[in-house]
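Biologist: Pick one part of this model and take me through it slowly, side chain by side chain. Follow the chain outwards from there to whatever is worth a look, and tell me what your cut-offs are as you go.

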Amino acid sequence: MTAPDQPTDWLPPEPLPVDAPAVAGGWQQPGPYAKAAPGTSSRRGPVLVVAAALVGLLVAGGGFGLSRQLANNTVSLTYNGEQVDHPERTLSAAEAKVDQVIAHQPSVQASNHHCYFARPANGTKAERAEVADGIYCGPMLLISSQQGDRFLHFTVSSDRIGSRVRLTPSEPSGETMALPAHEQLTRPGSPHQPPGGAELQVPKAPAATADAFVSVDAVGPQQDLASQRNTGMYGYDGGVRLTSTASTPYYGSGAQARSAAAGQRLIAFSLQYGGPKESSLGELDLGVAVNGSGLQKLPEPDKATEFKVISVPISASSVDLVLRSKGFIQRISLLTGKAGSDNITVMSRVNWQDDLSVSKDVPVTLRTSDGSVSGTMHLKVTEADLEFFEDDTGKSAPASPHGAFLHLQMSYTVSGIADVKGHELMPQVLSLRTSDGHTLHARDVASANADYIYLAFDIPGDFTGGTVTIGGTDSLDGVQLIMPQPFSFPLKFPAG
């Protein structure tokens, strides 16, 4: 009478702690799994003696010979309550996948590493036969591993083979993990779970070239460098916000991973492009300067989710992200996240716009050498903006990076006076009283050869509010504007 392939009442004995030295290199495949009927009751005593002797051989010699010799003791395992068909084939398929992982990236493995099913450490016999949590392979470490994460994990899918289920391992995640505390590992023909692998050391990726500067989608563990976060700097064509900066032991993944060259360290940072004007990397004069040296342009490609990684000397005292625009040079330190002292104050503000709904009918008189006419001005002011560059060309800007322009978006028509309409008044009929009691008059800040008027107030870049008054008298090109009934309205810009 032939014994069944998978006896239903067998469970592996409790795992034995076995230490094994670490080795680097290929995955050790087990020998073929033989099947035979279990021993009869009249032979039980000698079988136990032989098994104990074989366990002694395992402790002394590393385990593979014993795995083959104990293949007669096949494991009855279940998946969702149904018996697993040829579990050894599932593990062999997982080990072939592990071969591919370690063939393409640095790794270290314990000398008796294998793939194992995970099963509950406690519970009834039926509960301890369940392998629903998948497959763990190890002990092993990859370059991305944390010191205690020594197993590569596979989930499994199932399909029916007669009265049993066949399990197929998924592709591995590429990251090692720790074995959950409530589970044990088992495999057909082996009475022990693997050693802890505490002696294994995380392998190091090959060194990058000195002063490398790359764009990548993955980096190693990050040690945050920023004492100031989300710092932005913006020029006329747009700008960037530094969303993270950190040191990292390597960049890339798998065979493409690289560590720092001798005497250097890696800094990984990420950026968000935009600001008051939308921008992208190709539109900006942007790069990195190390110790104040020449600008290294940011590498392509440019993706919203990527990291920029630069290799710099360990001794570097400054590593700055630098933006040049219309003659102004701005910096953000990649070592601290702090903005440079000469950065444009107003361009990094979040609160630079005040929406208004001012609508006023006021009497007005236009006087020339030929006489005067009077009517009613229908004036609307819809917005107040804090700016640095004059809007149309960017050729005009405050003298200091800590200054700003306050510009009012307004329009008007005049009834009673033919063909009079416009978007700008004359400078002297616009005044601003600041919160500290100073009175400022608007001026035309358009560049010298412009054929238009662009009225703005010269204010500090950290301006938060004041009161605008429209009224009075001014002259331009032989025309005198008289607004005898001034009116006022407040402006408010929250700090920041």
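Modeller: Let's start with strand 13, where Thr231, Met233 and Gly235 point one way, Gly232 and Tyr234 point the other way, and all are buried. This is a predicted model, where local features need pLDDT of at least 70 and side-chain atom pairs count only at pLDDT 80 or more, while totals for chains, interfaces and linings use all residues. Residues are numbered from 1 along each chain as its sequence is written, and side-chain values use heavy atoms, with hydrogens and water left out.

"Buried" here means under 20% relative accessible area, with exposed over 50% and partly exposed in between (1.4 Å probe, protein chains only). By that yardstick, strand 13 is mostly covered, with five of its five residues buried. Strands are DSSP runs of E of at least two residues, helices are runs of H or I of at least four, and numbering goes from the N terminus.

Next door is strand 14, which pairs with strand 13 in the antiparallel sense over five bridges (pairing takes at least two DSSP bridges between two strands). The two strands form a hairpin with two residues between them, and Gly235 has Gly238 in strand 14 as its bridge partner.

That turn leads us to the aromatics. Rings of Phe, Tyr and Trp (its six-membered ring) pair if their centres lie within 6.5 Å; planes under 30 degrees apart count as stacked, over 60 as edge-to-face, and the rest as tilted. By this rule the count comes to eight aromatic pairs. In one of them, the centres of the Tyr236 and Phe389 rings are 5.7 Å apart with the planes at 80°, so the pair is edge-to-face. This pair links distant parts of the chain, 153 residues apart: Tyr236 is in the loop between strand 13 (231-235) and strand 14 (238-248), and Phe389 in the loop between strand 24 (371-387) and strand 25 (403-415). Both Tyr236 and Phe389 are buried. Phe389 also makes an edge-to-face pair with Phe388, at 5.1 Å centre to centre and 80° between the planes. Phe388 is buried too, at 1% relative accessible area, and Phe389 comes in at 6%. Add Phe328, and you have one aromatic cluster of Tyr236, Phe328, Phe388 and Phe389.

Now follow Phe328 into its sheet. Phe328 is the bridge partner, in strand 22, of Ser325. Strand 21 (residues 319-325) and strand 22 run antiparallel and are joined by six bridges. They belong to an open sheet of four strands with the order 19-18-21-22 and antiparallel pairing. Strand 19 (296-297) and strand 22 (328-333) stand at the edges with a single partner strand each, so one side of each is left without a neighbour in the sheet.

What about charges in this sheet? Side chains of opposite charge can pair when their charged atoms come close. I call it a salt bridge when a side-chain nitrogen of Lys or Arg is within 4 Å of a carboxyl oxygen of Asp or Glu. Asp285 forms one with Lys297, the closest N and O atoms being 3.3 Å apart. Asp285 sits in strand 18 (residues 285-290) and Lys297 in strand 19, twelve residues apart. Asp285 is partly exposed at 27%, and Lys297 is partly exposed at 47%. With Arg324, Asp285 and Lys297 are linked in a network of salt bridges.

The structure holds nine salt bridges, and another to look at joins the side chains of Arg187 and Glu95 (3.3 Å, N to O). Arg187 lies in the loop between strand 10 (183-186) and strand 11 (213-216) and Glu95 in helix 3 (residues 87-103), so the pair ties together parts that are 92 residues apart in sequence. Arg187 and Glu95 are buried. Arg187 also lies over the face of Tyr116, 5.6 Å from the ring centre; for that I ask for NZ of Lys or CZ of Arg within 6 Å of the ring centre and within 35 degrees of the ring normal. One more salt bridge brings the side chains of Lys308 and Glu306 together at 2.6 Å, N to O, with Lys308 and Glu306 buried.
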